[in-house]
Structures are given as C-alpha cells and as structure tokens.
Amino acid sequence: LIEDPSNTQAPIFFVWSGQGLLQRLNHPSGAEKVPRMPSGAWVNRFPGIGCICDKVNMALALRLLQKMWPEKFRFWPKSWLLPAEVDELSSWLDKHKSDTVIVKPEGGSQGDGIFLVQSASDLRLKLSAKPHFGAGFGALAQRYLPEPLLLDGLKFDLRLYVVVTSVDPLVAFLSREGLARFCTAQYEAPSAANANDAYMHLTNYSVNKKSTAFKDEDPFTVHTQASKRPLSTLLLQMAAQEEAAGRVFDEDKVFRSFEEVCAVLLQAMAPVIKVTYDHVAKESRPKAKPKPKAKSPKKRPRGDVEEEEEEEEEMYTPNCFQILGVDVLLDSSLQPWLLEVNARPSMDISNPLRLSDAPPGTRRCVCRDMDGEEHCHVHSEVDVRVKRLVVDGALRMAAGNGEPSEVPESFVKMNFDRYSPSEAQETLSAVARIFQEAGGSRKAFTTSGVRRTLANAVNAGLPAHELDTLVTKWKHQGYRQDIHSEDDNAEIGVLDFASLLQEIALVRSKDEEPLDALVSLIELCDPGA
C-alpha cells in the first residue's frame, strides 16, 4: 500500500481525495503531475463517489427513486431540502402535530449544527438564528423516527461497512462486523423540554464522547454498556433483549435486512458512478506514442491498419475499490432506516480521555477535540478491531483483483441476484446512456442536446416547444451540490437528467403513471435499446 507520489511499482495505491485520484490517473485536471499507477494496480477510490454521497445529493437521488419505486426504497425517511422547501415543511408540520423533524446542515459532519423541531414556528425561529440562512445556509430535514430500537433505554445507530470493487458488473462485499454508537442519556420521546438534549437524540460519536456519561469499557462482552460496541456484540445483546420479551430473534434475517438496504442502494448508485468512471477513464487514457517517420512509406495490408487503430482506441480502465460507511438506525420492529452514506468513513482508532481519568504522567493533548477540556488520546479497542478487519479485508480484495477466490472471513459477498432484476438499476442505466448521448453535463441540459437525443419522441408527437420549455426550466434550477472540494469530475447531473426525463415523459403521456411514462419514453429513445 503506497501513497508516495513518486512510487510507480506498488500493487495498491492510496489517495486522500478525488483530486489525488485524478493526479494518480494522470487526468488532465490533476493539479500536480505524478507518475501514473501501473495498469494492473488498484487505487482506493472511485471517481465521483464522494459527490454522490453528499447529504443533499443523496437525498435528491433517493427522493427520485422513492417516488418511482416506493416499496424498494422504503428505508429512506421523508425529507425536505432547506431553504427551498421551508414552506412545504412548515405545512407538513402544521398537519402532523405529533411528529418531529431533524435538521442537518449541508456539508456538516460529526453532529455539528443538528437540531430538532416540532412546529412551523419552531422551525422558522431556529433557522432565523442561523447567520447565513437564505444566503448560503442549506440543510437536509428528515422526519425523526418516532420509535427507535433501544437497548438499556438508550438510542443507538449502526455503522455498516461495504467494500465496492466494481460498478460494471456490480461487485461489493458487506462486512459482518460494524460499529454501534450509543447516546449517553436515557431516551425519551422528543418534546419541547428535551428537544435540545443532543446526548439523548443524536447518536453521533463525536457528540457523545464529550459527555461525562460516555462509557469506555470492555466492548466485547455481552453485558457491556460501552458507548461504542462492535456489531457482533450488539446482535448478542439484541437477541437477549428480544428473547426476554418473549420474541424470537432471527440474526440472519436482521443481517439480510442490512444487505438489502446496501444492495438496493448500490444498484441505483452504480449507473451514476459508472458515468463518471467512464468519463474520467476516457480522459485519463494514455496518449498513443508518436510513430517515427518512415524513410520511405510502404503500403500495409488494411487489416494491419485497423488493428493498430483498435490498439490506440483501447479503453483505459483503472482498477478502483472503495470502503463506504453506511449508517442505519433500527426501529422497534427491527427495520433498518438509512441515515447517510459516507464515502470516506473515519478510520480513526483513538478515543479522547479526560486527563483526570488518565494514568499519572500522561501527556496532555492540545487539540480541541473535547472543546478545550484537558484530555489525552488512547487507543480504542473496538475501533482497532473493527476497522482493522475492514481495511485488511478491503486490501485483500484488491490484492485478489476485486474478486478473491476466498472472501475474507469477516465479509460476505453481496448477492445482488437476490434483489434483481433491479428496475432502478436498469432504468438509471438507460437514463445514463441517453444522458451521455445528449452530450453529458455540458450539453444534456441544452435544447439542442435534448432535441437530438429525444428525436424519436418528437417525431412521435412530443411538442418541441414544450420540450424546450422544460429544458430551459431545468437549466436554471436544482439544489444539487457540486462539492468543489472533491474535484473529481463527478457527472452526477445524470440524476437531474432522470428527473427532467420524468417531467418530459408526463407531458408526452399525460394519462400514464409516472414510472410507466418514463419507461415508455426510455424505450423510444434509449440508444442502447
């Protein structure tokens, strides 16, 4: 495993960012030129995936998918994008007096800026306190799950780990081990009195580690009350709790429900990731070496020329893999609900410890990890064990060319056939082909680009002026985040393009259901059909 820019011989390369990936692939937009990694080597990142996993972008994608396949994507809570949908959210709160909404600032992490609201007036009051609200402040608001599964009266969430080694065909592995992160205050249903109690409602480790009630004890025993525990321990505790309540606990069924969320999500993401992958790979392709001028030109058989041209046009296909952190929360019926997907899950293996609780002579850390409170850092046993298994497994998969003959013991190869055929994957794959045929992000939202690629629909009676009106509208709207910091040429406009096609489809087929209308339009215009 190597991250040294000068190295050209390692079998696996490590990059910190999307820009680092572009540099290692020798992409034209790479800020610095470093040696291209060897053709058989692997790199720990897919281009564009960080942009797709952004809170706002993921919400937009899932809302589109949920609209078309509500049963498949039932694991995503109802959501709104702020400030654009403040009025819609306010109206919903007025009609659902007993519900709570959790608001998460865009681009935020580690629980920063999250708050709960229970009324429209409460929402407007808390948003008005944000200094940049309406002028740069944005957030994802979601319905707060009213009946979370509790253990010993505490709310918790789970970090699942998935390793993706290919998007076409889709190949991924789900870790059998993960992390459970617990709140540090006894749970009560949200109310005006406790809505601001972060230790009760927010499961973020970065929030709860600052609580005096945070417990850093042996996390591997079935009786542990550690605030961070491995998934394997949690499942044993869930089994004991369910059996004590007279219910049968099926661990395999719970694990399959985790796999279903991850599999259905990845099947929908794969066509979008592939658009960026193909785009970046094409632009990163090594240039053909100039041929020396022959002293006297000689005619060659036509077959030789064609073979040479095929060699020059051979596609560059860098080997990528990526560890994803999939955060879910279980409700009282053991159904997992997706919270978010992290393209760069933390691999930190240390815990902050108050200096007063540390052994004598321990050196004080000067970081702000505990909001200025004197502390040091110690190894977290649960992080070391779980994250070592995840990273070791991911590297073994890369070393095994993406599909090792023996899957690492701590992983299971995801069975996508169990959730196939995936209408979402097939539909978005077709949308991606039409998007690329229209000219990709540069031309897909121009009237000329859309008219050209939807010519069959226009010829079949779709009014061209209505098509132009819809395209113009979409050209000047949208909440999607560019995430310039990722800077890895993400082509996530395919998701907006899917929404545009759905609107065009409804204009063309006013009496059809939205999904049927979209499928009909795709069948007429898909260049790969």
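Is R418 buried, partly exposed or exposed? With a relative accessibility of 45%, R418 counts as partly exposed. Keep in mind that this is a predicted model, so every value here is computed from it.

**Salt bridges**

Side chains of opposite charge can pair when their charged atoms come close. Searching the whole structure turns up 23 salt bridges. Here are some of them, with their N to O distances:

| Pair | N to O distance |
|---|---|
| K209 and D369 | 2.6 Å |
| R418 and E259 | 2.6 Å |
| R354 and E373 | 2.7 Å |

Let's start with K209 and D369, whose closest N and O atoms sit 2.6 Å apart. K209 is in the loop between α7 (205-208) and β11 (228-230), while D369 is in the loop between β15 (350-354) and β16 (375-379), so this pair ties together parts that are 160 residues apart in sequence. K209 itself is buried, at a relative accessible area of 11%; that value falls under the 20% cut-off for buried.

Back to R418, which meets E259 in a salt bridge of 2.6 Å. This one also links distant parts of the chain: R418 belongs to the loop between β17 (411-413) and α12 (423-437), E259 belongs to helix α9 (residues 251-284), and 159 residues separate them. The partners sit in unlike surroundings, since R418 is partly exposed at 45% and E259 is buried with a relative accessible area of 5%.

Then there's R354 with E373, at 2.7 Å from N to O. R354 lies in strand β15 and E373 in the loop between β15 and β16, 19 residues apart. R354 counts as buried at 14% relative accessibility, whereas E373, at 37%, counts as partly exposed. Elsewhere, salt bridges with shared partners join D157, R159, R181 and D327 into one network.

**Nonpolar cores**

Which residues have the most contacts inside the largest nonpolar core? They are F258, L266, F497 and I504, in a core of 115 residues. Helix α9 supplies the largest share of this core, with 18 residues. That's the helix that also holds E259, the salt-bridge partner of R418.

What does L266 touch? Leaving aside residues up to four places away in sequence, L266 touches V162, V164, L170, A172, L324, M414 and F416.

Apart from the largest core lies another one, made up of 16 residues. Its members include V171, F173, F321 and A398.

Note on methods: Residues numbered from 1 in each chain as written. Predicted model: local features only at pLDDT ≥ 70, side-chain atom pairs only at ≥ 80, totals over all residues. Heavy atoms only, no water. Salt bridge = Lys/Arg side-chain N within 4 Å of Asp/Glu carboxyl O. Helix = DSSP H or I, 4+ residues; strand = E, 2+ residues; numbered from the N terminus. Buried < 20%, exposed > 50% of the residue type's maximum accessible area, 1.4 Å probe, protein only. Core = buried A, V, L, I, M, F, W, Y, C linked by side-chain atoms within 4.5 Å. Contact = heavy atoms within 4.5 Å.
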